[in-house]
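Trainee: Could you take me through the aromatic rings in this model, one pair at a time?

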Amino acid sequence: MSVEDEGRKFTIVDLIGKLPVHPTRKYRTRELSMITRVVIHHSATPYYIEPEEIARFHVNGRGWPGIGYHYLVDHFGIIYKCWPASTVTYCVAQGNVPSLCVCLIGNFEEDKPTDKQLAAAAWLTREIVQAYGIKDVLGHREVPAQFTKCPGKFLDMDEFRRMVLGRSFDHERGTGVQ
């Protein structure tokens, strides 16, 4: 499926039910009103890794029920939908229930995300924020009690939030500010 926004075209590939899953473990579900934040990740892998490879690692390497992200965005700006928003995935330790997770494929401790990737991720995040009335867009490392560099030093979360929300973020109060 393709969508257009302000002259840009975004491709969304629906992978729900098509990625590797654990044979017995299942993710829980939640009411959509429980989602209070979008959490941005990087895969910490080379940019050319496919969604199936990430899912296999999460299932076989970590023992998770399935891939840990709701969406992936590759370096071409292609968006992959991995789970419905109602699914509670394992993407934020001790903070999965309120989190809807978007992962940009690549290692942003070593490389910068592409412009197409950032534009697609920002568009997707803006759509999610508007659809669910979410006010918080956080990098994984910005979520309390997370001990990670994710989404990497080359993914500037303040700039990303400006792309999404048109505003900066007050980390002390945990709210977007004009």
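Mentor: Here is a close look at the aromatic pairs and the cluster they belong to.

First, some ground rules: this is a predicted model, so local features need pLDDT of at least 70 and side-chain atom pairs count only at pLDDT 80 or more, while totals for chains, interfaces and linings use all residues. Residues are numbered from 1 along each chain as its sequence is written, and side-chain values use heavy atoms, with hydrogens and water left out.

A pair of aromatic rings is described by the distance of the centres and the angle of the planes. Rings of Phe, Tyr and Trp (for Trp, its six-membered ring) pair if their centres lie within 6.5 Å; planes under 30 degrees apart are stacked, over 60 edge-to-face, and the rest tilted. On that basis there are five aromatic pairs in the structure.

Take Tyr 27 and Trp 83, which make an edge-to-face pair with 5.3 Å centre to centre and 85 degrees between the planes. They link distant parts of the chain, 56 residues apart. Tyr 27 sits in the loop between strand E2 (8-14) and strand E3 (28-29), and Trp 83 in the loop between strand E6 (79-81) and strand E7 (87-88). Those labels are DSSP runs numbered from the N terminus: helices (H or I) of at least four residues, strands (E) of at least two.

How much of each ring's residue is accessible? Buried means under 20% relative accessible area, exposed over 50%, and partly exposed in between, using a 1.4 Å probe on protein chains only. Tyr 27 is buried because its relative accessible area is 11%, and Trp 83 counts as buried because its relative accessibility is 18%.

Now Trp 64 and Tyr 90, also an aromatic pair with edge-to-face geometry: 5.8 Å centre to centre, 80 degrees between the planes. This pair, too, links distant parts of the chain, here 26 residues apart. Trp 64 is in the loop between helix H1 (51-61) and strand E5 (71-73), and Tyr 90 is in the loop between E7 and strand E8 (99-104). Trp 64 has 18% relative accessibility, so that residue counts as buried. Tyr 90, at 36% relative accessibility, is therefore partly exposed.

Put the two pairs together and you get the picture you were after: Tyr 27, Trp 64, Trp 83 and Tyr 90 form one aromatic cluster. When you turn the model, start from the edge-to-face contact of Tyr 27 with Trp 83, then go across to Trp 64 and Tyr 90.
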